[in-house]
Each structure stands twice: as C-alpha cells, then as structure tokens.
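Colleague: Please take one part of this model and go through it closely, from the strands and how they pair to the surroundings of the ligand. I would rather have one connected account than a list.

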Amino acid sequence: MSDSRLAGIGMTSARTRDRLVQRLREQGIANLSVLDRVRNVPRHIFVDEALSSRAYEDTALPIGFGQTISQPYIVARMTEALLEGGPLARVLEIGTGCGYQSAVLAPLVGRVYSIERIEALHKRARARLKELQIRNVRLRHGDGAQGWKSQAPFDGILVAAAPLTIPETLVGQLAAGGRLIMPVGPEGEQQLVRLTRREQGIERRVLGPVSFVPLLGGVG
Ligand code: SAH
C-alpha cells in the first residue's frame with residue numbers, strides 16, 4: 001500500500017483526523033500519547049474502502065461477520081484507562097477485530113498479545129499491522145475468554161466484547177498491580193469496568209455505560 005494511501009486525502013486527511021482528536025478532547029480524553037495515536041493511526045485502512053470517507057467520524061462501523069470497528073472515543077477511553085497507573089510491559093487484548101485498537105495501543109506498551117475468534121478477521125488484522133510496520137503485537141486465532149495461559153500474567157487486559165459476567169479465568173491472568181478494562185452485562189445494560197489487582201484483593205471501578213458486541217465462546 002502506498003504512503004499516500006496511508007496518509008489519506010480529502011475525508012481521510014490530516015485535517016479530518018485533527019477534528020476527530022479535537023472532539024475526543026472535548027469529551028474528556030486527556031492523555032496526549034493516546035490522542036496522538038488517534039491522530040496518527042490511519043483508521044481508514046481498517047474499514048472497507050466504501051466506508052473510508054466515514055473513518056474519522058466518532059462512530060463504530062461494520063467490518064463484516066456481524067462485527068464492528070470500535071468507536072474512536074471508546075478505543076481512546078479504554079486505552080487511557082488501561083495506561084492510568086503506570087507503564088505496561090505486557091498487555092492481553094481480547095477481540096482483535098480489524099486490529100485498530102491493537103495499532104493504537106502497541107507503541108504505548110511493551111508488547112500486545114491479541115486474540116480473535118473469527119479467523120478471517122484475525123488474518124486481516126495481521127496484514128494491516130504488518131503494513132503499518134507494527135511489530136510488537138502477537139496475534140492468535142482462538143477463544144479469548146480462556147485468556148492466553150502460556151503468556152500470563154499480564155500487566156493489562158483489555159476486552160473489546162462484553163460477557164454477561166466477568167470471566168474469572170481472565171482475572172486470574174492479571175499480574176500484581178495489573179488492570180483489566182472490559183465491558184460487562186447484557187445488551188442495553190453494559191457498563192465499562194476497571195478491575196485492579198491489589199495486595200488486599202481486586203478493586204473494582206465502574207467507568208460508565210457502553211455498548212459492545214457480546215463476548216462469544218469458541219471460535220468462528
Ligand atoms: N478491537 C476491535 C473491536 C472488535 S469488535 C477494534 O479495534 O475495532 C469485538 C471483536 O471481539 C469481534 O471481532 C469479535 O469476533 C471478537 N470476539 C467476540 N468474542 C470473542 C472471544 N471469545 N474471543 C476472541 N474474540 C472474540
């Protein structure tokens with residue numbers, strides 16, 4: 001893919017991206033490295049070409065297989081919440097989807113381990129991240145609800161699909177001081193939560209209402 005396609009023109013240009021960043025700032029995203037990633041990651045290459053003119057709207061868009069690329073505000077909010085509390089060496093991401101969230105996160109942490117249950121999306125994400133020359137993301141096709149046992153524990157876990165209750169397996173793969181950011185609950189009633197593993201036990205904070213696709217079992 002050519003440099004000009006990555007840089008974008010017209011509706012995918014730097015000016016359009018700046019407007020998105022401004023909007024996220026107004027909505028309370030304050031972490032400058034996160035805002036910088038939103039400005040620099042070409043979101044338009046993660047969606048179908050027919051949708052690329054809408055890539056810098058603050059909205060989720062379809063990526064096929066009944067799945068969506070997350071809304072930029074949500075990606076920024078989750079990344080910011082994950083980074084709060086110090087640097088992260090190892091992060092587990094569940095629900096790679098098209099790979100946009102991984103691309104935003106990768107340079108801000110040591111290494112990302114990301115799992116997707118739909119094989120075609122997993123493969124597409126691999127191609128996109130390669131194109132962007134992002135090399136610290138390990139991708140796996142599988143059921144993320146099981147976590148990634150051989151690579152645990154993680155300093156951070158970020159989940160992009162909502163289970164009805166928090167999977168204990170994932171909490172078990174959190175390192176001391178590690179934090180888990182995830183949506184939880186049934187459709188229409190989901191909350192974004194942040195769990196932190198403290199010496200005294202698990203601390204839980206509710207960050208606000210959100211709307212995600214459900215976390216499904218098995219592989220697609
Ligand atoms: N992170 C993506 C958002 C993807 S939407 C972004 O940057 O836009 C959520 C993804 O979670 C979907 O691709 C869906 O297939 C995947 N998913 C749902 N349940 C899963 C599971 N148990 N394990 C792994 N991936 C899962």
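Modeller: Two strands are taken to pair if DSSP finds at least two bridges between them, and the strands themselves are DSSP runs of E with at least two residues, numbered from the N terminus. What follows describes a predicted model, and I will begin with strand β7.

Strand β7 spans residues 174-184, and nine of its eleven residues are buried, so the strand is largely enclosed by the rest of the structure; buried here means under 20% relative accessible area. Strand β7 has pairings with β6 and with β8, and they can be taken in turn. With β6, which covers residues 154-159, the pairing is parallel and runs over four bridges, and within it Ile157 has Leu180 of β7 as its bridge partner. With β8, residues 191-198, the sense is antiparallel and six bridges join the two strands; there Ile181 is bridged to Arg194 of β8. Strands β7 and β8 form a hairpin with six residues between them, and in this hairpin Gly185 takes a positive phi near 120°.

Arg194, the bridge partner of Ile181, has its place in strand β8. Its relative accessible area is 8%, and because buried means under 20%, Arg194 counts as buried. Arg128 is 66 residues from Arg194 in sequence, and the C-alpha to C-alpha separation of the two is 29 Å.

Before β6 comes a loop that starts after β5 (137-141), and Pro153 is placed in it; the peptide bond that joins Ala152 and Pro153 is cis, with omega about 5°. On the other side of β5, the loop that follows α6 (119-131) holds Gln133, a residue other than glycine whose phi is nonetheless positive, near 60°. Gln133 has 55% relative accessibility, and since exposed means over 50%, it counts as exposed. Phe65, in the loop between β1 (61-64) and β2, likewise is not a glycine and has a positive phi of about 60°. With a relative accessible area of 46%, however, Phe65 is partly exposed.

The loop of Phe65 leads to β2, and with β2 we reach the ligand, since this strand gives the most to the shell around the ligand, with three residues. The space that the ligand takes is the largest pocket, and the elements that give two or more residues to the shell are β2 (67-69), α5 (100-105) and β4 (111-116). There are 25 residues around the ligand, of which Ser70, Gln101, Glu116, Gly144 and Leu216 come nearest.

As for polar atoms, the backbone of Leu216 has one at 2.5 Å from a nitrogen atom of the ligand. A polar backbone atom of Gly95 is 3.0 Å from a ligand nitrogen, and for Thr96 the corresponding distance, again from a polar backbone atom to a nitrogen atom of the ligand, is 3.4 Å. On its own the ligand has 580 Å² of accessible area, and the protein covers 99% of that.

Note on methods:
Residues numbered from 1 in each chain as written. Predicted model: local features only at pLDDT ≥ 70, side-chain atom pairs only at ≥ 80, totals over all residues. Heavy atoms only, no water. Buried < 20%, exposed > 50% of the residue type's maximum accessible area, 1.4 Å probe, protein only. Near = heavy atom within 4 Å. Polar contact = N/O pair within 3.5 Å; in protein donor to acceptor, adjacent residues only side chain to side chain. Areas by Shrake-Rupley, 256 points an atom, 1.4 Å probe, with all protein chains shown as cover. 1 Å grid on protein atoms, 1.4 Å probe; cavity = no way out; pocket = protein on both sides within 12 Å on 5 of 7 lines; lining within 4 Å. Sits in = over half its atoms within 2 Å of the grid points.
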